[in-house]
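Here's a quick walk through one structure, with a pocket and some aromatic rings in mind. Have it open while you read.

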Amino acid sequence: MDDVVIVGGGHNGLVAAAYLARAGKSVKVLEKLPHVGGAAVSASPWEGVDARLSRFSYLVSLLPDQIVTDLGLNLTLRSRSASSYTPNGKTGLLVEREPGEATAASFGAVCGSLDDWERWQRWYADLELMAAALAPTLLEPLVSRDHLRVHVDAVVRGRLWDQIFERPIGATLQELFDNNLVRGVVATDALIGTHSSLHSLRANKCFLYHIIGNGTGEWKVPVGGMGAVTAELERAAREAGAEIVTGAEVTSVESDGKTAAVTCGGDTSEARFVLSNVAPSVLGRLQGNEVHDAPGCQLKINMLLRKLPELKSGVDARLAFAGTFHLDESYDQLETAYLESVAGQVPSVLPGEMYCHSLTDPSILGPSLAGHETLTLFGLHLPASLFEGRNELLRDELVDRYLDQLNAHLVEPIQDCLATDANGKPCIEARTPLDLEEELGLPGGNIFHGELDWPFAETDDQVGKWGVETDVDNVLVCGAGSRRGGGVSGIGGHNAAKAVLERI
């Protein structure tokens, strides 16, 4: 009998396996795909093309330094040379990584004054203080809402708690900023992978996790692609003694609360604990329960370019695409797209954001691709329900529409910049929520495995727990579906391992 069987070899499962094996526990990881990593992988979608794209997950914002240090991971996470650029007719809103004169001038040109820029600086300074205070608590047992509020209020005076935890983020942004474009740039952090109005607290939860990661909220580029993160986690787990089995699809999980049985391919593994690194709804089905999925809402487009396109605004493309390039993501455009999509309509204007990984990390492109660049687009407010019964047709339609919207800001069409594969086909691919469900097993293509939760205990009986517990004592959640899970963080895996080590 093993001490722990982990269902799913995504990055959180590998984190949990490494911690537990290093503590001397016998650990077996069962992964249905031929490889570990889940969505945190590097690959080339195109035949004969020497590239290692972060094909699904593509940036790291939540992985704590503590986990990297604890597990001895050899990772390099680089800062991008710009934070964001948002085209706006003949000009655009540039936010430098370390905002200075160019950012101030950009705000002045777009907004007509520096009022929003001054408010931006004050608000983000407060958010940074909150991030530094909250990030360490993500790796600790849950505290109450009131306790966390006292913690936040101790480092940030004023209305920040109410703005982030009590009032819809949309109302806060309308109060803070006058310019619709500025509001939208801030608002996108509340909507990545989250199908929500900006006037719902669901958006606040998404925003919170995006701005507190690792105490800074900075989204960094993994050198070598996202697969480099997975490779290091796999190495750490195996070297610690964990057994990792791929091509092993689990079909049932049974437990009496003391001993668990995990069935896979006709074989049954017994263990003292089971950690689930699959979505909570998938775990429910493995346990024989009726459950409902929380579908995803995004489109991911990967491209390989012969060169970056020139922008009509005259801004250097190597600066504009190094950070997040916001495409049609003003506040009103984001809210309209949500309202249209929730009514079952494809948004009339598609909000999305792009960035060029290879500008920060050229190592993902082989020698034969010298001078080439990658481009990744993440589209918002495209729920899985829109694709049902017409997945391939709508996928192709959306790719064409997104490229057309981008072309409105370019001197030459992006299509003319695309590289080609060994068969002469353009190097571009797209993945819908339904594609992610089929290829990765994510129910409804939800990249967070379900709805995000607040990072505190909702009830008194949760205080002191790790946010990984289920209604069966020895079956725990270690993936993105745990409280404080979501994103490439390893937090769910860390917290599940800690919960096991307290009990075993």
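What follows looks at a pocket and then at aromatic pairs. Keep in mind that this is a predicted model.

Start with the second largest pocket, which has a volume of about 830 Å³. It's lined by 28 residues, and the closest to its centre are Ser 83, Arg 97, Tyr 124, Gly 217 and Glu 218. Who supplies the walls? Strands S6 (82-88), S7 (91-96) and S14 (324-327) each give at least two residues of the lining, as do helices H4 (115-134) and H9 (201-212). H4 brings the largest share, with 7 residues. By class, the lining is a mix of 11 nonpolar, 9 polar and 8 charged residues.

Now for the rings. The model has 16 aromatic pairs, and here are two of them.

| Pair | Distance between ring centres | Angle between planes |
|---|---|---|
| Trp 120 and Phe 177 | 6.4 Å | 55° |
| Phe 165 and Trp 454 | 5.2 Å | 35° |

Why do Trp 120 and Phe 177 count as tilted? Their planes sit at 55°, so the pair is neither under 30 degrees nor over 60. This pair links distant parts of the chain: Trp 120 belongs to helix H4, while Phe 177 is in the loop between helices H7 (169-176) and H8 (180-187), 57 residues apart. Both residues are buried.

Phe 165 and Trp 454 have planes at 35°, so that pair is tilted as well. Phe 165 lies in helix H6 (residues 160-166) and Trp 454 in the loop between helix H16 (433-440) and strand S18 (475-477), 289 residues apart. Phe 165 and Trp 454 are also buried.

Finally, Trp 120 and Phe 177 are part of one aromatic cluster, together with Phe 107, Trp 117, Trp 123, Tyr 124 and Phe 207.

Notes. Residues are numbered from 1 along each chain as its sequence is written. This is a predicted model: local features need pLDDT of at least 70, side-chain atom pairs count only at pLDDT 80 or more; totals for chains, interfaces and linings use all residues. Side-chain values use heavy atoms; hydrogens and water are left out. On a 1 Å grid over the protein atoms alone, a cavity is a set of points where a 1.4 Å probe fits but cannot get out, and a pocket is an open set with protein on both sides within 12 Å along at least five of seven lines; lining residues have an atom within 4 Å of a point. Grid points are joined across faces, edges and corners, and a volume is the space filled by probe spheres set on the points. Helices (H or I, at least four residues) and strands (E, at least two) are DSSP runs, numbered from the N terminus. Ala, Val, Leu, Ile, Met, Phe, Trp, Tyr, Cys and Pro count as nonpolar, Asp, Glu, Lys and Arg as charged, and the others, Gly among them, as polar. Rings of Phe, Tyr and Trp (its six-membered ring) pair if their centres lie within 6.5 Å; planes under 30 degrees apart count as stacked, over 60 as edge-to-face and the rest as tilted. Buried means under 20% relative accessible area, exposed over 50%, partly exposed in between (1.4 Å probe, protein chains only).
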